[in-house]
Amino acid sequence: QEAMTFVQSGNHVTYLCCSLDTLGFSIKRASSFQLPIRVKDYVIRSLPELIINVFYQDFKECDKKSVYLAVHSDLYKCEMTYLNIKGKSQRLFEKNLFENLSQAYNARKGETIFDYERHEGGLNNATVSFTTDRKKIDSHYKILSKSDIQLRYVTTIPKILFNIYQYYNIKVKSEFSLLIHIGQLKTHVVFCSQSKILDSIDIPKGLLFFTNSIQQLNKNKIDVGE
C-alpha cells in the first residue's frame, strides 16, 4: 500500500511517495532533486544512490520488502510502440513480437527487455514497452538489491501517465482522453480509452526548451530597448 516513484530526466529527478487504496492514491510527499547532491562530506551522483538515501528518510529498515518502488529514467531508453502481431498462442505471439522489435528497432536478445498488452480488434493489437539498454537497468537493480530495496517496476512516461489517469478516474467512465506531460527534455502526448493506451507520441522539446525560448524573447526585448 506504500509506493515510491522516481522519474529521472537528465540530472533532474522527481520523487513521489504515496499510499494506495481501492479509491486511488493519496500523496504523502513530493520532491525534486538535481544530481549531483552534496550531503556533508558525501556526494550522491546516481539514481540508485538517491533512491537509497531518500528511502531512509521516509521509511524504516523493516519496510524494505513491503514498499513498492517504481522508476523511470531517460538513461534506460524505455520506449512505447504499437504493433500488429500474429500468433494465437502466447509463445508464438511473443516470438513474432520480438522479431518485429528486432527489425524495427535493432533489438537484440540479451540486451532487450519488453512488456506488452494485447488488444482485440483495431489496427494494432499490441501496446509494447521496451528498452534495448538492459545493462543499465541490471546495474542499477544490483545496487538496490545489495541494499535490500526491491525495484518492482521500470516503465515509460506514457504508462506512468495512464496509471495516474486510471487512479484518478476509477469511478469515471469517459470514452476517450488525451493526456499531455511536459517534461524537462520532452513533451509526451498519450491518447487512451478507459482501459488501454491507444497511441502516444513524444516531442523532443520540453520545459527547458520553452523556458529558454521565453528567456531569449525577454533578452531580445531588453536589447532592442537599449
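Begin by selecting Thr187, a residue that is buried in this predicted model, with a relative accessible area of 8%; because buried here means under 20% relative accessible area, that value falls within the cut-off. Thr187 belongs to strand β12, which covers residues 187-193. Show the side chain and follow it to Lys205, whose backbone oxygen it reaches at 2.7 Å. If you then display the surroundings, leaving aside neighbours within four places in sequence, you will find Thr187 in contact with Ile180, His181, Ile182, Ile201, Asp202, Ile203, Lys205, Gly206 and Phe210.

**The sheet around β12**

Widen the selection to β11, β12 and β13, which form an open sheet of three strands in that order, with antiparallel pairing. The strands at the edges are β11 (176-182) and β13 (197-203), each of which pairs on one side only. From one strand to the next, the twist of this sheet averages 10 degrees. Six bridges hold the antiparallel pairing of β12 with β13, and to see one of the paired positions you can select Val190 together with Ser200, its bridge partner in β13. Now add helix α4 (residues 157-168), which lies across β11, β12 and β13 and runs at about 50 degrees to β12.

**A second sheet**

Move next to strands β7, β9 and β8, which form another open sheet, ordered β7-β9-β8 and paired in the antiparallel sense. Here β7 and β8 are the edge strands, each with a single partner strand, so one side of each is left without a neighbour in the sheet. The twist in this sheet averages 20 degrees from one strand to the next.

Select β7 (residues 79-83) and colour it by accessibility: four of its five residues are buried, so the strand is largely enclosed by the rest of the structure. Five bridges join β7 to β9 (residues 126-131), and the two strands run antiparallel. On the other pairing, β8 is joined to β9 by six bridges, again in the antiparallel sense. A useful residue to centre on is Val128 in β9, since Thr81 stands opposite it, while Tyr116 also has Val128 as its bridge partner.

**Helix α2, across the sheet**

With β7, β8 and β9 still displayed, add helix α2 (residues 90-105), which lies across these strands and runs at about 120 degrees to β8. The helix has 16 residues and reaches 22 Å from its first C-alpha to its last, close to the 22 Å expected at 1.5 Å a residue. Its buried residues include Phe93, Asn96, Leu97, Phe98 and Leu101, and what covers the buried residues of α2 includes β7, β8 and β9. Just after the helix, stop at Asn106, which takes a positive phi of about 55 degrees.

**Helix α3**

Finish at helix α3 (residues 134-146), whose 13 residues reach 18 Å from the first C-alpha to the last, close to the 18 Å expected at 1.5 Å a residue. Highlight Ile137, His140 and Leu144, the buried residues of α3. They cover an arc of only 70 degrees around the axis, which puts them on the same side of the helix. Turn the view to the other side of α3, and you will find Lys135, Lys142 and Lys146 exposed. To see what covers the buried residues of α3, display the elements that include α1 (47-58), β6 (68-73), β8 (113-118), β9 and β10 (151-154). The last stop is Asp148, just after α3, where phi is positive at about 65 degrees.

Terms used. Residues are numbered from 1 along each chain as its sequence is written. This is a predicted model: local features need pLDDT of at least 70, side-chain atom pairs count only at pLDDT 80 or more; totals for chains, interfaces and linings use all residues. Side-chain values use heavy atoms; hydrogens and water are left out. Buried means under 20% relative accessible area, exposed over 50%, partly exposed in between (1.4 Å probe, protein chains only). Two strands pair if DSSP finds at least two bridges between them. The expected span of a helix is 1.5 Å times one less than its number of residues. The arc is that of the directions from the helix axis to the C-beta atoms. Contact means heavy atoms within 4.5 Å. Axes are lines fitted to C-alpha atoms, for helices over the stretch in contact, and angles run from 0 to 180 degrees between N-to-C directions. A polar contact is a pair of N or O atoms within 3.5 Å; within protein, one must be able to donate a hydrogen and the other to accept it, and residues adjacent in sequence count only if both atoms are side-chain atoms.
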